[in-house]
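Hi there,

Here is the structure I promised to pass on to you. Have a look at it first, and then read my notes below with the model open beside you.

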Amino acid sequence: MTGRPVPPLAIERDGLTRLHWAAVVLAVATGLVHLVLGVGALPAPLGVASLLAAGGFAAGVALLLAGCWRSLVLALGIPFTASQILAWYLLNEPAGIGDVSPLAAFDKTVQPVLIAVLALLLYRERVGGRTDTVERGGV
């Protein structure tokens, strides 16, 4: 056997660009918001739902960094994140800016940016055949 064995779920840096890392930072940020809000809302159903959402973001980040099913993770991340925005709006029904907490405002600013980054990464993968079509480490 040549080369060293790769441990399971090790970070697979091949093909990760700055745009991938931006997606990771954004997903971790919204995941942490859901974790904090979820723990604070337990044992209510909304608290459980927020914790499940945090787990979904964590799983997506782990799979992306491990290099597992990157295209699928990117594709599923878009509707998953969009569903978080829609669910928040439907459950909270904010009438104005005063109805939105600073943490929710931060989260609902991060999520559309995450969707855009995921869509760009997916586009690059589908058009170029790979997400690392730009020089490694580049955007």
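Let's start with E93, which counts as exposed because its relative accessibility is 61%. Please keep in mind that this is a predicted model. You will find E93 in the loop between helix 3 and helix 4. Its backbone is worth a look too: phi of E93 is near 40°, a positive value in a residue other than glycine. Why point that out? Most residues other than glycine have a negative phi, and most peptide bonds are trans.

W69 also has a positive phi without being a glycine, with a value near 50°. This residue sits in the loop between helix 2 and helix 3. Is W69 buried or exposed? With a relative accessible area of 61%, W69 is exposed.

The loop between helix 1 and helix 2 has something to show as well, and P43 is the residue to find there. The peptide bond that joins L42 and P43 is cis, with omega at about 5°.

Now for the overall picture. The protein chain has four helices and zero strands, so if you read along from the N terminus, the order of elements is α-α-α-α. The chain has 139 residues, of which 34% count as buried. Among contacts with a separation of 6 or more, 74% are between residues 24 or more positions apart.

Helix 1 makes a nice exercise. How far apart should its ends be? Its 24 residues, at 1.5 Å a residue, should span 34 Å, and the end C-alpha atoms are indeed 34 Å apart, which agrees. The buried residues of helix 1 include L19, H20, A23, V24, A27, H34 and G38. While you look at them, remember that an α-helix has 3.6 residues a turn, so residues three or four places apart point the same way. As for what covers the buried residues of helix 1, the list includes helix 2, helix 3 and helix 4.

Next, the aromatic rings. How many aromatic pairs does a search of the whole structure find? The search finds one. The partners are F57 and F80, in an edge-to-face arrangement, with 4.9 Å from centre to centre and 70° between the planes. Since F57 belongs to helix 2 (residues 45-66) and F80 to helix 3 (residues 70-92), the pair ties together parts that are 23 residues apart in sequence. The partners also differ in how much of them can be reached: F57 counts as buried, at 6% relative accessibility, whereas F80 counts as partly exposed, at 28%.

There are also pockets to explore. The largest pocket holds about 380 Å³ of space. It is lined by 20 residues, and the closest to its centre are L37, L46, S50, W88 and N92. Helix 1 (18-41), helix 2, helix 3 and helix 4 (102-128) each give two or more residues to this lining. Which of them gives the most? That is helix 3, with five residues. Sorted by class, the lining of the largest pocket has 12 nonpolar, five polar and three charged residues.

The second largest pocket has about 280 Å³ of space. Of its 18 lining residues, G56, G60, V61, V73 and G77 are the closest to the centre. Two or more residues come from each of helix 1, helix 2, helix 3 and helix 4. Here helix 2 gives the most, with seven residues. The lining of the second largest pocket divides into 14 nonpolar and four polar residues, with no charged ones.

One last stop is S50, which I listed above among the residues closest to the centre of the largest pocket. S50 lies in helix 2 and is buried, with a relative accessible area of 12%. Which residues does S50 touch, if we leave out those up to four places away in sequence? They are H34 and G38, and both of these appear among the buried residues of helix 1.

Have fun looking around, and write back whenever you like.

Best wishes

Methods
Residues numbered from 1 in each chain as written. Predicted model: local features only at pLDDT ≥ 70, side-chain atom pairs only at ≥ 80, totals over all residues. Heavy atoms only, no water. Phe/Tyr/Trp six-rings, centres within 6.5 Å; stacked < 30°, edge-to-face > 60°. Buried < 20%, exposed > 50% of the residue type's maximum accessible area, 1.4 Å probe, protein only. 1 Å grid on protein atoms, 1.4 Å probe; cavity = no way out; pocket = protein on both sides within 12 Å on 5 of 7 lines; lining within 4 Å. Points joined across faces, edges and corners; volume = space filled by probe spheres on them. Nonpolar A, V, L, I, M, F, W, Y, C, P; charged D, E, K, R; others polar. Contact = heavy atoms within 4.5 Å. Expected span 1.5 Å × (residues − 1).
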